[in-house]
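Q: I should like to learn how to read several features of a protein model. Where should one begin?

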Amino acid sequence: MTSRGTPAVPSRPTGGQESAPPPPAHIVINAYADEQLRSIAKRMKERLNLYKEKVVDQYASSPEISPPVKERNKQAEEERIKKEEADQKKKEEQEKKKKEAEQKKKEEEEKKKAEAQDETKMKRSLMSKLKDAGWHSVDMVLKPVETLMDPVLGNTIDPFTDRRYIAWLSLVTLAFNYNTWFITARLCFPYHTEGIIPFWFVLDTLADLIYLTDSILFQARKQYVKAGDIIKDRVVTKKNYRSTDRFMLDVMSVMPFDLLYLRFGFKSIFRINRLLKVDTFFEFSDRLESIMAKAYIWRVIRTIGYLLFMLHLNACFYYVASDYQGIGKTKWVYSGLGSAYLRCYYYAVRSLINIGGLNEPHTVFEITFQMTNFFTGVFVFSSLIGQMRDVIGAATAAQTYFRSSMDGTVDYMVNNHIPSLVQNRVRTWYTYTWDAQGMLDESELLDKMPLVMRTAIAVDINLSTFQKIDLFKGCDQQMLVDMLLRLKSIVYLPGDFVVKKGDIGKEMYIIKSGAVQVVGGPDNSIVFVTLKAGCVFGEISLLQSSKDGGNRRTANVKAYGFANLFVLEKKDLFDILVHYPESQKVLARKGRKLMKAKGPAAAKAEVEKQKGLVLFGPKPPTPKMLRAFGGKNFLAKIKVVFYIHVQ
């Protein structure tokens with residue numbers, strides 16, 4: 001080593017022999033790190049050797065000691081449980097904090113809501129008190145007028161059945177139509193001249209008085225239904241009316257905007273709020289339809305009114321357009337000659353109905369207006385025509401059903417070659433049934449009604465007749481009502497046999513209209529009695545059994561003219577008697593009495609017949625010689641030959 005610290009160069013050996021160079025010296029930078037690295041390298045070599053041995057010998061095991069499986073599982077389970085408990089505890093704390101926050105927020109919201117409700121309630125209470133005080137003052141002012149009208153209108157009004165209310169609605173509807181038609185006409189046409197203004201003022205005042213009277217005296221008295229009860233207390237009906245939207249519209253419809261005449265002059269635009277009374281028109285329409293026998297007539301009139309009003313509006317628009325373009329300046333606009341309204345209405349009719357023959361528009365405004373007219377006319381008239389078709393179709397639905405039924409029956413008879421006599425009788429039955437009842441089967445209409453309504457109709461028509469029948473006197477009244485509901489209406493043509501002698505009796509008959517005759521004789525030409533409307537026959541056969549022939553008909557009954565009869569079948573009667581055992585005993589007792597009364601009469605007739613045979617003697621038999629020569633019918637052949645010879 002030199003003085004500068006450089007390593008000394010080793011000297012070469014002498015004698016001509018060269019030796020291997022010595023290994024380089026190991027450089028140690030850090031003793032501790034060097035020791036650790038050497039230890040790691042040593043362990044890795046040992047492990048490498050161990051793995052080599054294990055590859056050679058697969059049963060060789062690692063020298064490291066493994067912990068028992070149970071102990072490892074136990075430790076892992078404890079760690080998992082501790083972790084789950086910690087997570088659960090943390091989650092519960094978070095949920096608790098969240099619930100506390102939500103509860104606090106909810107309490108704050110409820111507190112604010114309660115405060116707002118209290119404030120609103122106080123305001124409403126104050127407003128309600130002021131409102132009640134105001135209405136009380138109004139009622140005190142109107143009380144003399146209401147008291148004066150009580151004897152005429154009553155305490156309250158039934159809006160569905162009171163004809164006086166419907167008549168009043170017609171007057172209010174007239175006032176509404178006056179405002180609807182003339183406000184628009186006066187708004188567009190120059191009808192506010194100095195000479196006509198007083199006339200308009202009087203009519204307007206009269207219409208306003210009708211509006212006020214309707215709101216004060218009539219609408220406040222209308223009964224209404226609440227929870228199934230009909231409210232008839234005037235104080236309650238008045239309060240109910242004042243809480244409805246219709247009251248608000250009625251109040252707005254009579255607001256005196258007419259006072260603006262003083263500032264802006266006499267203009268009908270200030271009366272446009274009178275059109276808010278439109279609910280009265282539709283109410284009147286509904287009430288009128290409910291009381292008319294042929295409601296379709298009013299529907300047709302109403303549809304035509306819609307059409308005329310649309311033409312009226314178009315006439316008003318045309319005059320305004322002509323005034324905007326200049327009256328008489330072009331051939332398309334109104335010329336200014338004659339009645340302005342009639343000329344413009346004539347144009348509206350030809351334009352909306354697309355008749356043609358109109359003057360050609362030239363300006364853009366005129367072309368636009370005319371095209372709008374054409375499109376509006378197509379839409380409006382197609383809608384009105386469709387509505388008219390529906391109205392007429394609904395009005396003739398029953399007659400259409402009658403015609404289709406009759407045509408189908410006639411086609412069936414023609415296809416099956418039914419005799420013409422039978423076909424004519426079938427046609428006669430259809431025609432008479434339709435003319436007499438307006439329908440083919442009354443039960444189809446009655447079945448659609450509730451039981452209470454059917455019972456009321458049946459009682460009104462037939463109960464008095466049933467109570468006159470001797471067989472049913474003393475029976476339960478409710479049983480008679482049940483029997484009325486089982487009656488069926490049948491129409492018989494002139495000469496039709498209702499029952500024939502010897503037939504099994506399964507029905508009893510009540511004559512609704514027309515008459516029947518009890519006939520007999522060889523050709524049923526002898527009339528014993530004629531039964532008219534309200535009479536009953538065939539009732540005894542309902543109660544007699546067939547073992548002794550008691551339910552056989554004892555006479556022929558045929559229709560005298562057209563006869564409409566109610567029929568009650570035996571099965572229906574027995575179904576009813578199951579529920580009325582006392583009435584069943586009464587009917588059985590009366591049936592036996594009637595049969596006993598009938599029995600002696602029949603026995604007496606048989607005795608009289610035997611007496612006649614004794615008096616005149618029996619008819620002698622045909623001689624044996626004649627029977628031998630002529631056969632069994634020899635005498636009959638002789639009679640025929642004798643008759644021909646005489647002729």
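A: Let us begin with cysteines: a disulfide is a pair of cysteine sulfur atoms within 2.5 Å. The model shown here is predicted, and by this rule it has zero disulfides.

Q: Why is Cys 188 not bonded to Cys 316?
A: The closest cysteine sulfur to that of Cys 188 is in Cys 316, at 4.3 Å, which is too far for a bond. Cys 188 is buried, because its relative accessible area of 19% falls under 20%.

Q: Is Cys 475 buried or exposed?
A: Cys 475 is buried, with a relative accessible area of 7%.

Q: How should one read a salt bridge, and how many does the structure hold?
A: The general idea is a side-chain nitrogen of Lys or Arg within 4 Å of a carboxyl oxygen of Asp or Glu. The structure holds 27 salt bridges. In one of them, the side chains of Asp 150 and Arg 234 meet with N and O 2.5 Å apart.

Q: Which parts does the pair of Asp 150 and Arg 234 tie together?
A: Asp 150 belongs to helix α2 and Arg 234 to helix α5 (residues 234–242), so this salt bridge ties together parts that are 84 residues apart in sequence. Asp 150 is partly exposed, at a relative accessible area of 24%. Arg 234, by contrast, counts as buried at 11% relative accessibility.

Q: Which residues are linked with Asp 150 and Arg 234 in a network of salt bridges?
A: The network also takes in Asp 139, Glu 146, Arg 221, Lys 238 and Arg 242.

Q: Where do the partners Asp 258 and Arg 271 lie?
A: Their side chains form a salt bridge with an N to O distance of 3.0 Å. Asp 258 is in the loop between α6 and α7 (261–264), and Arg 271 is in the loop between α7 and α8 (278–291). The pair thus links distant parts of the chain, 13 residues apart. Both Asp 258 and Arg 271 are buried.

Q: How is the salt bridge of Glu 283 and Arg 287 to be read?
A: The closest N and O atoms of this pair are 3.9 Å apart. Glu 283 and Arg 287 are both in helix α8, and because they are four residues apart, about one helical turn separates them. Glu 283 is buried, with a relative accessible area of 8%, and Arg 287 also counts as buried, at 13% relative accessibility.

Q: Let us turn to the surface. Which residues form a negative patch?
A: A patch groups residues with over 30% relative accessible area and no salt bridge. The negative surface patch here is formed by Glu 107, Glu 108, Glu 109 and Glu 110. Glu 109 has its place in helix α2, which spans residues 69–153. With a relative accessible area of 47%, Glu 109 is partly exposed.

Q: Which residues make the nonpolar surface patch?
A: Val 251, Met 252, Met 255, Phe 257, Leu 260 and Phe 264 make this patch, with an area of about 500 Å². Val 251 is placed in helix α6 (residues 245–253). Val 251 is partly exposed, its relative accessible area being 32%.

Q: What does the sign of phi tell the reader?
A: Most residues other than glycine have a negative phi. A positive value in such a residue is therefore set apart from that general pattern. His 417 has a positive phi near 55 degrees and is not a glycine. His 417 is in the loop between α12 (397–415) and α13 (420–437). With a relative accessible area of 69%, His 417 is exposed.

Q: What is the phi of Asn 524, and where is this residue found?
A: Asn 524 also has a positive phi, of about 55 degrees, although it is not a glycine. Its place is the loop between β5 (507–520) and β6 (526–532). Asn 524 counts as partly exposed, at 21% relative accessibility.

Q: How far apart are Ile 576 and Arg 486, in sequence and in space?
A: Ile 576 and Arg 486 are 90 residues apart in sequence, while their C-alpha atoms are 9.4 Å apart in space. Ile 576 lies in helix α17 (residues 570–577). Ile 576 is buried, with a relative accessible area of 4%.

Conventions
Residues are numbered from 1 along each chain as its sequence is written. This is a predicted model: local features need pLDDT of at least 70, side-chain atom pairs count only at pLDDT 80 or more; totals for chains, interfaces and linings use all residues. Side-chain values use heavy atoms; hydrogens and water are left out. Buried means under 20% relative accessible area, exposed over 50%, partly exposed in between (1.4 Å probe, protein chains only). Patches are made of residues with over 30% relative accessible area and no salt bridge: like charges are joined within 9 Å, nonpolar side chains (Val, Leu, Ile, Met, Phe, Trp, Tyr) within 5 Å. Accessible areas come from the Shrake-Rupley method with a 1.4 Å probe; for residues, only the protein chains shown count as cover. Lys and Arg count as positive and Asp and Glu as negative; His and the chain ends are not counted. The place of a charge is taken as NZ of Lys, CZ of Arg, CG of Asp or CD of Glu. Helices (H or I, at least four residues) and strands (E, at least two) are DSSP runs, numbered from the N terminus.
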